[in-house]
Amino acid sequence: MKIDTKDIDLPKFRALAGVSRSAHSWPEDYADENGKYLNQCVTCNEHFMGHRRRNVCKLCDAENQKWWDSLTDHEKREHIAEVAGEVRRIFGPNVEDQL
Ligand SMILES: [Zn+2]
């Protein structure tokens, strides 16, 4: 297919190519049907490319995993209970029925 280069917005294409190569992006998602979405990380606000359901970039995910791995089993259980309590406060005590 011949591409008519006059119709290409070069700055936008360069920006998108930069995001796709960024360390924040998830290149392992690109082959998936919904793997090339432009998302914004909820932790650092950087744009990244990856599956449409991802909301955390690859760098922040790695930091989160490092933090999680540093916790003891007791600290992990405490954290899970804290998050579950927060979710129940927001969505109600029967939130599990909606999942
Ligand atoms: Zn991030």
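**View A. Bridge partners in the strand pair of this predicted model**. Gln40 has His47 as its bridge partner in strand S2, and Leu38 is likewise matched in S2, where its bridge partner is Met49. These contacts belong to the antiparallel pairing of strand S1, residues 37-40, with strand S2, residues 47-50, a pairing that runs over four bridges. In a regular strand, side chains alternate between the two faces of the sheet.

**View B. The turn of the S1 and S2 hairpin**. Strands S1 and S2 form a hairpin in which six residues lie between them. Within this turn, Asn45 has a positive phi of about 70 degrees.

**View C. Helix H1, residues 10-21**. The twelve residues of helix H1, taken at 1.5 Å a residue, should span 16 Å, and the C-alpha atoms at its ends are 16 Å apart, so the computed distance agrees with the expected one. Helix H1 is hardly covered, since the count of buried residues among its twelve residues is zero.

**View D. Helix H2, residues 58-70, with Asn64**. For the 13 residues of helix H2, a rise of 1.5 Å a residue gives an expected span of 18 Å, which agrees with the 18 Å that separates its end C-alpha atoms. The number of buried residues among the 13 of helix H2 is one, and the helix therefore lies largely in the open. Asn64 is part of helix H2, and this residue counts as exposed because it has 12 C-beta neighbours inside 10 Å, where the cut-off for an exposed residue is 12 or fewer. Asn64 and Arg21 are 43 residues apart along the chain, and their C-alpha atoms are separated by 21 Å.

**View E. Glu82 in helix H3, residues 73-91**. Glu82 lies in helix H3, and with 10 C-beta neighbours inside 10 Å this residue counts as exposed. From Glu82 to Arg52, the C-alpha to C-alpha distance is 28 Å in space, while the two residues are 30 residues apart in sequence.

Technical notes. Residues are numbered from 1 along each chain as its sequence is written. This is a predicted model: local features need pLDDT of at least 70, side-chain atom pairs count only at pLDDT 80 or more; totals for chains, interfaces and linings use all residues. Helices (H or I, at least four residues) and strands (E, at least two) are DSSP runs, numbered from the N terminus. The expected span of a helix is 1.5 Å times one less than its number of residues. A residue is buried if 20 or more other C-beta atoms lie within 10 Å of its own, exposed if 12 or fewer, and partly exposed in between; C-beta atoms are placed from the backbone. Two strands pair if DSSP finds at least two bridges between them.
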